[in-house]
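Student: I should like to look closely at one part of this model, namely the empty spaces and the residues beside them. Please take me through it step by step.

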Amino acid sequence: MSAKHFALLTLGVGLVLASMQCRRPTSPGPRGEAWPNDDRRVVDFGPRYSHDGRKIAFLRRVSRRIQLWVADANLRKYEVVAEAGEVNPDVDLRTGVGGWTGDEAPRWAPDDRTILYPQCRWLNRQDGERVPGTELWKFDLVARRTGPALIHEDSENDETKHQAYYLRSPAMRADGRYLAAIAEGTYGRRWLVLRPDGAAIVGLALPDRYQDTDWPCWSPRDGKIAYAQGILRDMTADRVAVVRMSEPGGRDSRQVVKVTASSYRSICALDVAAHGGTPIDVRIVGLAWSYDGEALYFSMTPDASDQSRYSVWRSALANDATPVRVSPVDDAGYLAPHPFADGRVGVLRVRGRRLQAVVLDTAQTITHAADLPSDDFDWAPDGRHVVTAGIATDASGLGLTVLRVHPVKRKE
């Protein structure tokens, strides 16, 4: 064999091996599952359905890098669409929906054309130290290109200004004209960032006076945004949990829900009695608009660290109606409401170590349920399936993190 033929043969074998190696992470497993390769450094997490239910976006960690992937609704076909930078060495991305702060999973724009996702970047602090921060980027599925959605402005040597290190929980208005997100700084400060689409830089402005804002969400029918705030009148006062609603560029701006420690003792007397005088630090989390935009759903808790004490409520916006409890009064916690078009609502149910996705009707009755491996999940738009991220438990994939689509079955 000549040297030329040997070189061509070597090149051909190399290309075949490289092709096999590239395809290996995206080889589909059993129906309804996305199996990573056998490299234990690969983790899939943060799966989120598109609004039409036809696609699922998720993040994949490969060694110390993060990638954005898109799959079909059955997890049979999927591809990497964007590199999302290195893993933040200080803070893991939080994509579960069972926490008291908003998650950092990918978000679909209302038209399902754009995906918003987090990306790590090293920032310069006022004192000259470099720290890892998180920014928000976007991928256009039609144009097949990436670009910044909300990024940090370079630090200035001005200690009267406050710097955000993490940007998360993006929410885009239905018409695509405004993007909201939460900025996090030092000492747990969190404030709302609101920018017209295309104004991508977040400057070093002072935060709002409450410094404890989260869960931004836009009405599906008009240009109103709702968000939760925690108000401390002074350092020794109890927290006042509120939900505010405003209309950028409009006149409608008001408080729609207010819960104090005293009012919580009244409306959740059974929970207070069952926990024998433990401190009450009320938080409102997990805001979501009803399908028709006429009401807000939210979770409320007196103790953010105890998932069994969360309950789900509905507040109609007309005539300042009193919030109505949606979740049953039992020994389980209910979080992360997800309203459906037929008036039912899907929630995360936590009872001990058991996690379930359950559907509640208007009579506080569980009609459908599915067991979950973790709180990192999302509902299909019709409520018939959920997609989850969790550790494989069967022998073929033991120890690997997989995505899985589960049917939500009628409760017997």
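**Empty spaces and their surroundings**

Tutor: A82 lies in strand β5, which covers residues 78-86. The model is a predicted one. With a relative accessible area of 6%, A82 falls under the 20% limit, so A82 counts as buried. A82 and I66 are separated by 16 residues in sequence, while their C-alpha atoms are 9.0 Å apart in space.

I66 leads us to the second largest cavity, since I66 belongs to its lining together with A84, E86, V87, N88, L93, P118, Q119, C120 and T134. Two elements, β5 and β7 (114-124), give two or more residues to this lining. The largest share, three residues, comes from β7. By class, the lining has six nonpolar, three polar and one charged residues, and the volume of this cavity is about 60 Å³.

How is such a space found? Rolling a probe the size of a water molecule over the atoms shows where empty space is left. In this structure there are three cavities of 30 Å³ or more.

The largest cavity has a volume of about 100 Å³. Its lining consists of 15 residues, and those nearest its centre are D212, D214, G230, R283 and I284. Strands β14, β15 and β18 each supply at least two residues of this lining. Its residues divide into six nonpolar, four polar and five charged.

D212 also takes part in a contact with R239, whose place is in the loop between β15 and β16. The side chains of R239 and D212 are joined by a polar contact of 2.4 Å. A further polar contact, of 2.9 Å, joins the side chains of R239 and D281. The relative accessible area of R239 is 13%, which is under 20%, so R239 is buried.

The strands on either side of that loop belong to an open sheet of four strands, in the order β14-β15-β16-β17, with antiparallel pairing. Strands β14 (213-218) and β17 (253-259) stand at the edges and have a single partner strand each, so one side of each is left without a neighbour in the sheet. From one strand to the next, the twist averages 20°. Within the sheet, β15 (residues 225-231) and β16 (residues 240-246) pair in the antiparallel sense over seven bridges. For Y227, the bridge partner in β16 is R244.

Strand β14 brings us to the largest pocket, because β14 is among the elements that each supply at least two residues of its lining; the others include β2 (42-49), β10 (166-172), β18 (283-289) and β22 (333-339). This pocket holds about 1,500 Å³ of space. Of its 41 lining residues, H51, C217, A288, W289 and H338 lie nearest its centre. The lining divides into 27 nonpolar, eight polar and six charged residues.

The second largest pocket holds about 430 Å³ of space. It is lined by 26 residues, and F45, L93, R94, T95 and D376 are the closest to its centre. Strands β2 and β27 (385-391) each supply at least two residues of this lining, which by class has ten nonpolar, nine polar and seven charged residues. L93 returns us to the earlier part of the account, for L93 also lines the second largest cavity.

Definitions and conventions. Residues are numbered from 1 along each chain as its sequence is written. This is a predicted model: local features need pLDDT of at least 70, side-chain atom pairs count only at pLDDT 80 or more; totals for chains, interfaces and linings use all residues. Side-chain values use heavy atoms; hydrogens and water are left out. Two strands pair if DSSP finds at least two bridges between them. Axes are lines fitted to C-alpha atoms, for helices over the stretch in contact, and angles run from 0 to 180 degrees between N-to-C directions. On a 1 Å grid over the protein atoms alone, a cavity is a set of points where a 1.4 Å probe fits but cannot get out, and a pocket is an open set with protein on both sides within 12 Å along at least five of seven lines; lining residues have an atom within 4 Å of a point. Grid points are joined across faces, edges and corners, and a volume is the space filled by probe spheres set on the points. Ala, Val, Leu, Ile, Met, Phe, Trp, Tyr, Cys and Pro count as nonpolar, Asp, Glu, Lys and Arg as charged, and the others, Gly among them, as polar. Buried means under 20% relative accessible area, exposed over 50%, partly exposed in between (1.4 Å probe, protein chains only). A polar contact is a pair of N or O atoms within 3.5 Å; within protein, one must be able to donate a hydrogen and the other to accept it, and residues adjacent in sequence count only if both atoms are side-chain atoms.
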